[in-house]
Amino acid sequence: MSAPATQATKSTSMWTNLRELPANVWRSLFRNPIPSSDLERASTSFTNFFLHIHPVKVHRNTLRPLYSMGLGLISFFLFLILTVTGVLLMFYYVPSTTQAYDRMLDLRGTVAFGIFLRNMHRWSAHGMVGVVVLHMCRVFFTGSHKQPREFNWVVGVLLFLLTLFSSFTGYLLPWDQLAFWAITVGTAIAGYAPVIGKQVQFLLLGDTTVGQEALLRFYVLHVAVLPLVMALLVAIHFWRIRKDGGLSRPEEPAAALAAPGETPVAVLSLAFDAPLEEPVNVMHPPNPAKAPWYFLGLQEMVSYSAFWGGVGIPTIFVLLLLAAPYLERGSAGVGKWFARERLLANTVFLTFALINVIFVIIGTFFRGPNWEFISPFK
Amino acid sequence: MRLALALASFVILLIHGLVFYNQFFHKWENYQTAYFDQARALSKTDAEKAALAARSPRIEQSLVTKFGDMRVDRCVTCHVAMDDPRFDKHAQPLRTHPYSASLGDTLANGKWERRHKFSDFGCTVCHDGQGRGLKEHYSHGEDHYWPDPLAGYIVQANWRKEFQPKLKGKDYMQANCAQCHTEEGFPGTPMVDRGRKLFFASNCYGCHRIDGLSEGTLGPDLSEVGKKFKTDYLWESVVDPRANLATSFMPKFNLSDDDVRAVVIFLKSRRGINFAETSLERYRAALNARKPSAEAGKEPVLAGAALAARGEKLIADRACTACHKLGQRDGGVAPDLSFEGLMKPQQWIEEHFRNPRATIADSIMPTFRFSDADFAAMSAYLAGLKTAPALPTPAETYKTLCQRCHGEKGDGHGTIAIYLDPYPRDLTKAGFINSKTMDRLSNSVKHGVAGTSMPAWGAVLKDDQVRGVLEYVFATYTKEPRKELKPLKAPDSNPVASNADSIRRGEETFVRRCSGCHGRKADGKGPNSLDILPRPRNLRNSAFVNSVSDRRLFESILYGVQGSAMPSWIDYGLSQNDVGDLVNFIRSINAQSSSRSSNARGN
């Protein structure tokens with residue numbers, strides 16, 4: 001241990017300092033020279049915060065692209081896109097009922113890159129909801145939620161709910177007809193809960209109807225509370241993967257996954273503008289007034305029974321999800337798509353998932369004025 | 001994997017290129033550059049040339065705070081030559097905004113001076129459109145989500161094709177002129193004026209409320225209709241009232257396209273509070289509109305011919321013929337008043353005037369708020385119309401008196417039938433016509449049917465004429481030969497005494513057996529009623545219920561009504577006592593009038 005001491009005490013000339021500047025910056029950043037052996041690579045990873053996100057060792061089999069399909073990382077990258085574009089959008093947005101819509105018009109027409117930012121944000125948000133659902137399906141069908149990863153599954157379910165809620169709170173912010181009535185419908189669904197329903201609805205809206213208070217609340221939730229909680233949970237999610245004995249995601253092609261994650265979003269954002277409907281008109285609801293697409297399954301069920309469709313069944317569904325790894329013990333079928341040993345569990349999950357998908361499709365395409373059945377093909 | 005990565009990276013690079021191109025190369029820059037170049041060529045002094053050369057493209061906008069919420073109008077970013085008179089022959093967007101004396105612009109020393117300066121007014125105050133946008137599609141309001149497309153210039157893609165050409169034209173901008181120039185007869189807004197006149201002439205005001213103008217309550221409030229709806233929707237609502245609401249009973253008025261246009265422009269100008277008034281003035285106007293006018297009590301008391309003459313004038317002024325028929329004028333919506341004095345006593349007419357639904361339970365006639373003297377005068381005039389028309393043949397009689405309701409084919413679908421409730425009888429239904437005695441049918445013709453729009457023709461037609469027109473109906477429409485009718489077994493008056501117990505039993509039976517068609521409220525609007533023609537009877541129509549005998553009620557319930565959906569309940573196990581309870585229940589929900597027994601006709 002004498003070499004570093006002599007090095008530190010050895011005075012150097014300015015010229016040498018300048019000459020060694022790039023190497024020193026590199027060393028201060030990564031704390032290691034460019035690694036040349038496995039040991040050095042491991043050491044570099046261990047001692048660097050960013051590289052440490054990846055584990056040093058990954059089992060060869062978890063790297064097969066078709067095993068995890070990179071869905072977890074894609075949703076993480078979408079989260080990053082959302083954070084970056086969201087922060088940029090915040091510079092232009094005012095959560096005020098008189099200004100919000102005008103700001104949207106400015107973003108669309110005048111602000112440089114405004115429309116592109118908004119499109120990126122919108123389509124990433126929709127994409128993230130979809131990818132997170134697919135990620136959850138993948139985890140379940142490969143049995144990855146079973147012990148010892150039960151708790152991480154619970155964190156994942158919470159993240160799924162937060163994703164939905166983030167997307168939902170963001171839906172109101174443009175303050176157009178689409179936003180206003182979707183949130184009116186969405187919060188009305190919350191109001192169907194017994195005993196506390198009306199209070200929850202009031203807490204969300206800060207009023208009996210959607211208005212300035214609701215806009216402000218949704219804004220604060222959307223830009224501060226939810227992203228912070230999500231970032232925290234994402235960190236725990238990643239950390240637990242490691243602590244629970246390895247991850248089921250490939251390490252090396254991370255960049256490649258970022259690219260498939262961003263490419264479709266960027267293409268979408270260029271080709272399709274995020275919708276911006278009429279300014280809010282409280283007296284003139286669209287017919288039908290529809291919730292955001294991922295809640296249309298709920299709205300469809302609500303059309304049969306307000307309590308069961310809006311509150312009862314979703315609550316049971318979430319509780320089942322949370323309890324799944326605790327009800328299904330043992331390590332049978334872990335790490336295998338549609339393992340024969342888990343036929344029952346997979347079938348039940350698939351059934352629930354398909355019912356939801358079918359309801360969302362019906363709610364989105366087959367419901368016309370007065371929520372009557374229509375054919376979208378005419 | 002590497003290939004995919006490389007491809008994805010390349011696509012991302014490409015997209016970034018496209019995005020940057022989109023965001024930094026704007027059409028409006030080209031317009032401005034073109035303007036600078038052409039203006040430089042036209043300019044005469046070096047200083048002007050230098051000034052133009054120094055200008056570089058930028059977003060131009062006018063902020064207008066005087067008219068409602070702040071407006072940000074960036075229209076001049078493309079229409080940069082708006083105020084440059086040298087560009088009056090150029091193509092858009094580089095054309096000068098026209099100068100015109102009718103807009104108040106003044107010509108002095110060969111130079112025009114604008115009355116409405118763009119710096120004060122901006123653009124969208126007059127033109128509509130979306131001032132903030134910089135792309136034609138959005139700023140002109142072609143995007144179908146935008147509530148106010150350029151008035152009279154832009155029709156949105158989802159508007160009804162047949163209306164689109166009618167919704168173009170500069171006159172649509174008059175609706176915006178009227179936001180400041182509210183006075184009637186303002187020369188710049190002839191279409192708004194014409195529309196306002198039509199609003200009163202066609203009796204729109206009887207049903208619709210417009211703050212400060214009218215107080216109708218039957219139809220939707222139109223005070224802010226111009227703010228809420230686009231011209232396409234307004235046009236559709238005027239010419240096809242049922243397009244948006246299948247149950248609307250608003251009549252289709254026979255207006256020319258020009259009239260509809262005027263009405264639409266007038267309605268478009270109704271945006272609640274306008275720029276010319278303060279909210280306090282608006283409140284005062286609304287308060288005053290509710291008060292009867294000051295002269296109402298001071299009119300001289302008229303009588304006889306003078307009263308009738310005043311009534312005639314009132315009826316002409318108030319455009320009753322926008323709906324009713326009176327002599328040669330026919331609004332095509334409501335019954336014929338030409339021989340009203342022969343059919344209705346003056347008292348009935350006046351009662352109907354004051355509250356149309358007191359005499360005909362489901363009438364759509366608005367309740368007009370005229371003064372008592374006016375009601376008396378109009379009733380006196382109508383009651384004096386006692387000239388019977390010449391009716392040489394039964395066919396002629398049918399055509400003159402019956403066809404307007406019962407229809408050319410006798411099927412009950414006359415021109416005004418859809419506005420009548422109950423619906424006129426379908427005379428082609430042999431099941432019904434042939435199951436009723438001659439007495440009952442001729443009674444209906446002679447004395448009318450109380451509580452419905454069927455008037456009493458007894459004073460117009462002689463007995464042989466009544467028989468003649470009935471024979472004509474049998475031969476022409478019913479066609480099946482009449483059969484000998486067997487008398488039905490039914491009591492002449494209800495054998496079950498009416499008391500609380502009986503009524504309660506009757507109500508239970510009613511809810512169980514009858515409410516599917518007649519409705520829980522017995523108003524004839526049960527869940528099945530829409531699928532049934534003729535519609536189930538409204539049993540709360542007191543005028544009707546009180547006019548029919550117990551015997552007729554018993555017969556209709558026990559043996560059904562042939563040619564209608566009313567079944568024979570004796571086959572479904574209702575005893576005479578059950579029917580007695582039902583009759584007591586039905587009587588109990590209709591206010592009893594002493595005249596019932598004297599009016600009772602039945603068969």
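What follows is a chat between a trainee and a mentor about a predicted model.

Trainee: Before we start, what are the ground rules on numbering and confidence?

Mentor: Residues count from 1 along each chain as its sequence is written, with chains lettered from A and ligands numbered from 1 in the order in which they are written. As this is a predicted model, local features need pLDDT of at least 70 and side-chain atom pairs count only at pLDDT 80 or more, while totals for chains, interfaces and linings use all residues, and side-chain values use heavy atoms, with hydrogens and water left out.

Trainee: How many helices and strands are there in chain A?

Mentor: Helices here are DSSP runs of H or I with at least four residues, strands are runs of E with at least two, and both are numbered from the N terminus. On that basis chain A, whose C-alpha atoms fill a box of roughly 80 × 60 × 45 Å along the principal axes, has 15 helices and zero strands.

Trainee: What share of the residues in chain A is buried?

Mentor: Buried means under 20% relative accessible area, exposed means over 50%, and partly exposed is in between, using a 1.4 Å probe and protein chains only. Chain A has 378 residues, and the buried ones make up 46%.

Trainee: Which residues of chain A lose the most area to chain B?

Mentor: Start with the contacts (heavy atoms within 4.5 Å): 30 residues of chain A touch 25 of chain B. The area buried there is about 2,400 Å², with carbon and sulfur atoms giving 68%; buried area is the accessible area, with a 1.4 Å probe, that two parts lose on being put together, summed over both. Together giving 23% of what the chain A side buries, the top losers are Arg108(A), Phe113(A) and Leu270(A).

Trainee: Which residues are linked with Asp102(A) in a network of salt bridges?

Mentor: A salt bridge needs a side-chain nitrogen of Lys or Arg within 4 Å of a carboxyl oxygen of Asp or Glu. Between chain A and chain B the count is four, and one pair is Asp102(A) with Arg132(B), at 3.3 Å from N to O. The network takes in Asp102(A) along with Asp106(A), Arg74(B) and Arg132(B).

Trainee: Now for chain B: is Glu236(B), the salt-bridge partner of Arg160(B), buried or exposed?

Mentor: The side chains of Arg160(B) and Glu236(B) meet at 2.6 Å, N to O. That pair links distant parts of the chain, 76 residues apart: Arg160(B) sits in the loop between α6 (136-139) and α7 (174-177), and Glu236(B) in helix α11 (residues 231-239). Arg160(B) also bridges to Glu162(B), with the closest N and O atoms 2.9 Å apart. Arg160(B) is partly exposed at 28% relative accessibility, whereas Glu236(B), at 11%, counts as buried.

Trainee: And in which helix do Arg504(B) and Glu508(B) both lie?

Mentor: Their side chains form a salt bridge at 3.1 Å, N to O. Arg504(B) has 41% relative accessibility and so counts as partly exposed, and Glu508(B) is partly exposed too, at 43%. The two are four residues apart, about one turn, in helix α23 (residues 500-518) of chain B.

Trainee: Last one: how many salt bridges does the structure hold over all chains?

Mentor: Side chains of opposite charge can pair when their charged atoms come close. Over all chains, the salt bridges number 43.
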